[in-house]
Amino acid sequence: MSFSVGITPTGQRSVNALRGKARESFEAAVLRLASDGCRAASYRLTGAIVERICSVPLYGRYRALVCFPDGDRVFVLLVGEHIRDDPEVDIYRQLYRTLGLSEPTEERTKPPCCEDETGAPVDPGLLDRFEAAARKLRGRPQRRVRRR
């Protein structure tokens, strides 16, 4: 099965900033996502709302955060570095800020991205929620993501 890979406008801005090995690893990850879907991702995030977002490891501390609006499509929400001691840059903290969520205080369990027999952790409304929150955070309208 092949998957359609899309990217949000917020994700595209973060991809545009990638250089060198980080950019190469992102391009390779997109190919893996297109062919393997959720199997290309490492783990799902834990916590309300973000539990259907998966992390895809890239070069070094870089990660891509993806969601699955249905069983055939995957969207890149954000790409960036996981830097625990820099809250302004850390990709996970960017995600929580964008969605207006508090950072989780409980231990993160990092369950597999793919659900047992059902495949990708589908959430039809998560992509729209992320895009609306990103537009609101930026304070101006963004173009809608192309849906294939």
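Visitor: Which side chain meets that of Arg61 in a salt bridge?
Guide: A salt bridge here is a side-chain nitrogen of Lys or Arg within 4 Å of a carboxyl oxygen of Asp or Glu. For Arg61 the N to O distance is 3.7 Å, and the partner is Glu81.

Visitor: How many residues apart in sequence are the parts that Arg61 and Glu81 tie together?
Guide: Helices (H or I, at least four residues) and strands (E, at least two) are DSSP runs, numbered from the N terminus. Arg61 sits in the loop between E3 and E4 while Glu81 belongs to strand E5, so their pairing ties together parts separated in sequence by 20 residues.

Visitor: What kind of model is this?
Guide: Residues are numbered from 1 along each chain as its sequence is written, and side-chain values use heavy atoms, leaving out hydrogens and water. Local features need pLDDT of at least 70, side-chain atom pairs count only at pLDDT 80 or more, and totals for chains, interfaces and linings use all residues, this being a predicted model.

Visitor: Is Arg39 buried or exposed?
Guide: Buried means under 20% relative accessible area, exposed over 50%, and partly exposed in between (1.4 Å probe, protein chains only). Arg39 has a salt bridge to Asp36, with the closest N and O atoms 3.6 Å apart. Asp36 is partly exposed at 29% relative accessibility. At 62%, Arg39 counts as exposed.

Visitor: How many salt bridges does the structure hold?
Guide: Glu103 and Arg93 give us another one, at 3.1 Å from N to O. That pair links distant parts of the chain, with Arg93 in helix H3 (91–99) and Glu103 in the loop between H3 and helix H4 (126–138). The count for the structure is 6.

Visitor: How far does helix H2 reach from its first C-alpha to its last?
Guide: H2 runs over residues 20–36, which makes 17 residues. The expected span of a helix is 1.5 Å times one less than its number of residues. H2 comes close to the expected value, reaching 24 Å.

Visitor: Within what arc do the buried residues of H2 fall?
Guide: Those residues are Ala22, Ser25, Phe26, Ala29 and Leu33. Looking down the helix axis, you'd see them line one face, as the arc (taken from the directions from the axis to the C-beta atoms) spans 105 degrees.

Visitor: Which exposed residues sit on the face of H2 turned away from its buried side?
Guide: The buried residues of H2 are covered by, among others, helix H1 (9–16) and strand E1 (4–7). Turn to the face pointing away from that buried side, and the exposed residues there are Lys21, Glu24 and Leu31.

Visitor: What gives the most to the largest nonpolar core?
Guide: A nonpolar core is a set of buried Ala, Val, Leu, Ile, Met, Phe, Trp, Tyr and Cys residues joined through side-chain atoms within 4.5 Å. This one has 22 residues, and Val56, Val66, Phe68 and Val79 are those with the most contacts inside it. H2, E3, E4 and E5 each supply at least two residues. With 4 residues, the top contributor is H2.

Visitor: Which residues does Cys38 contact, leaving aside neighbours within four places in sequence?
Guide: Cys38 lies in the loop between H2 and strand E2 (43–44). At a relative accessible area of 6%, Cys38 is buried. Contact means heavy atoms within 4.5 Å. By that rule, the residues in contact with Cys38 are Phe68, Cys113, Cys114, Gly119, Ala120 and Pro121.
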